[in-house]
Amino acid sequence: MLPCTKLMDTLLSVDGLDVRFRGHRRSVHAAKSVSFDIARGEFFGLVGESGSGKSVTSLSLTRLLPFDAEVSVSGSALYHGRGKVRPVDLLSCPEDELMQVRRSGISYVFQDPVEALNPYLPIGDQMRRLLRHLGTEKPIDRHSRYLLERVRIDDARRVLASYPRELSGGMCQRVAIAFALASEPQLIVADEPTTDLDVIVRNTVLDLLRDLVGELSLSIILITHDMGVVRHYCDSIAVMNRGEIVERGSVMQVFTQPQTDYTRMLLDSVPRIRSEATT
Ligand SMILES: Nc1ncnc2c1ncn2[C@@H]1O[C@H](COP(=O)(O)OP(=O)(O)OP(=O)(O)O)[C@@H](O)[C@H]1O
Ligand SMILES: [Mg+2]
């Protein structure tokens, strides 16, 4: 569990986030008055079954919902950026302030790293473009190698010269995390970053994210279905069901004293390897 002093240093405070999609045939109330806080340096797990609203919630934070959908979003998401006296409400601030947060505040890592990368360009070219886009003043080639080394890639030169298809899924996800770090974010939203990876690679990627929290004082929102992963890696957790947060608290609290049947059901899905082995 995080010490109280750390929890008081809030980075993001989401309050009453409400998202509705209005389609021709039906409307979906995808997030219903969602509220949670993220502290600096906190590893926060957002869990819930498929369709419960986890991705919609995380994409809303930087107004990344698709333009083609008729979406209405309300509530607030106060972001306490580096060196800012006042927080920015990400849901209502002007576009230029939002762009600043997108460029150097909040980064995303998605489920499919190969899809997130451009198949036609070597990693080094993609990194160079990204760093130029971000306006970095650091020497680009050296900084590209630094970012890959940061995500524990030893042979950075080879990886920079490689196309995504020449790398394993785990390696591509490390590269995607390096891209996310390029903007020196304070918060990384990782939406099921390890779902497509085998369990050993999954653990190395999650270990990496946890180490980055410590090394760079990052906060992480980890979206996952896997309560075992949450128990092992996260400080705190929010449980979503049908667009609502039905429970939140420290991992210790929620795992030892779940307050809802829904959370208990999710906890029951965590494999109990030891007890199964003895039966
Ligand atoms: N662009 C959209 N237009 C209409 N409805 C949408 C759109 N995106 C998401 N939804 C709906 O919003 C609800 C929440 O979707 P969301 O993608 O957030 O679920 P999720 O919890 O991330 O699920 P999963 O674990 O499968 O990724 C679902 O009912 C989904 O169908
Ligand atoms: Mg999702």
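Mentor: Before we look at the ligand, keep one rule in mind: a pair of N or O atoms counts as a polar contact if the two atoms lie within 3.5 Å. Keep in mind, too, that this is a predicted model.

Trainee: What makes the approach of Ser-52 to ligand 1 a polar contact?

Mentor: A backbone N or O atom of Ser-52 lies 3.1 Å from an oxygen atom of ligand 1. That distance is within 3.5 Å and both atoms are N or O, so the pair counts as a polar contact. The same reasoning serves for Gly-51, where a backbone N or O atom lies 2.8 Å from an oxygen atom of the ligand, and for Val-56, where a polar backbone atom is 2.9 Å from a ligand oxygen.

Trainee: How much of ligand 1 does the protein bury?

Mentor: Taken alone, ligand 1 exposes 640 Å², and the protein buries 66% of that area. Two elements, strand E2 and helix H2 (54-60), each give two or more residues to the shell around the ligand, and H2 gives the most, with three.

Trainee: Which residues around ligand 1 come nearest, and how is the shell made up by class?

Mentor: Of the 15 residues around the ligand, Ser-50, Gly-51, Lys-54, Ser-55 and His-225 come nearest. By class, the shell has six nonpolar, six polar and three charged residues.

Trainee: Why is Thr-62 called buried or exposed?

Mentor: Its relative accessibility is 1%, and the word buried is used for values under 20%, so Thr-62 counts as buried. This residue sits in the loop between H2 and strand E4 (71-79), and, once residues up to four places away in sequence are set aside, Thr-62 touches Leu-98, Arg-102, Ile-106 and Tyr-108.

Trainee: How do you know whether Ser-144 is buried or exposed?

Mentor: We apply that cut-off again: the value for Ser-144 is 2%, which is under 20%, and therefore the residue counts as buried. Ser-144 belongs to helix H6 (residues 140-150), and, apart from neighbours within four places in sequence, it is in contact with Met-127, Leu-131 and Leu-160.

Trainee: What makes strand E9 "mostly covered"?

Mentor: Six of the six residues of E9 (236-241) are buried. In a regular strand, side chains alternate between the two faces of the sheet. Here Ser-236, Ala-238 and Met-240 are buried on one side, and Ile-237, Val-239 and Asn-241 are buried on the other, so that both faces are covered.

Trainee: Why is E9 said to pair with strand E3 and with strand E10?

Mentor: Two strands pair if at least two bridges are found between them. Four bridges join E3 (residues 43-47) to E9, and these two run parallel, while six bridges join E9 to E10 (residues 244-250), and these two run antiparallel. Both counts reach the required number, so both pairings stand. Ile-237 takes part on either side: it is the bridge partner of Gly-45, and its own partner in E10 is Gly-249.

Trainee: What is notable about phi of Arg-242, and is the residue buried or exposed?

Mentor: Most residues other than glycine have a negative phi. Phi of Arg-242 is near 50°, which is a positive value in a residue other than glycine. Arg-242 lies in the turn of the hairpin that E9 and E10 form, with two residues between the strands. Its relative accessible area is 64%, and because exposed means over 50%, Arg-242 is exposed.

Trainee: How does Glu-192 compare by those two values, phi and relative accessible area?

Mentor: Phi of Glu-192 is also positive, near 50°, but its relative accessible area is 11%, under the 20% limit, so Glu-192 is buried. Glu-192 is found in the loop between strand E7 (187-191) and helix H9 (199-216).

Trainee: Why is Gln-111 called partly exposed?

Mentor: Its relative accessible area is 30%; that is not under 20% and not over 50%, so Gln-111 falls in between and is called partly exposed. Among the residues it contacts beyond its sequence neighbours are Glu-192 and Asp-196, and a polar contact of 3.2 Å joins the side chains of Gln-111 and Asp-196.

Terms used: Residues numbered from 1 in each chain as written. Chains lettered and ligands numbered in written order. Predicted model: local features only at pLDDT ≥ 70, side-chain atom pairs only at ≥ 80, totals over all residues. Heavy atoms only, no water. Near = heavy atom within 4 Å. Polar contact = N/O pair within 3.5 Å; in protein donor to acceptor, adjacent residues only side chain to side chain. Areas by Shrake-Rupley, 256 points an atom, 1.4 Å probe, with all protein chains shown as cover. Nonpolar A, V, L, I, M, F, W, Y, C, P; charged D, E, K, R; others polar. Buried < 20%, exposed > 50% of the residue type's maximum accessible area, 1.4 Å probe, protein only. Contact = heavy atoms within 4.5 Å.
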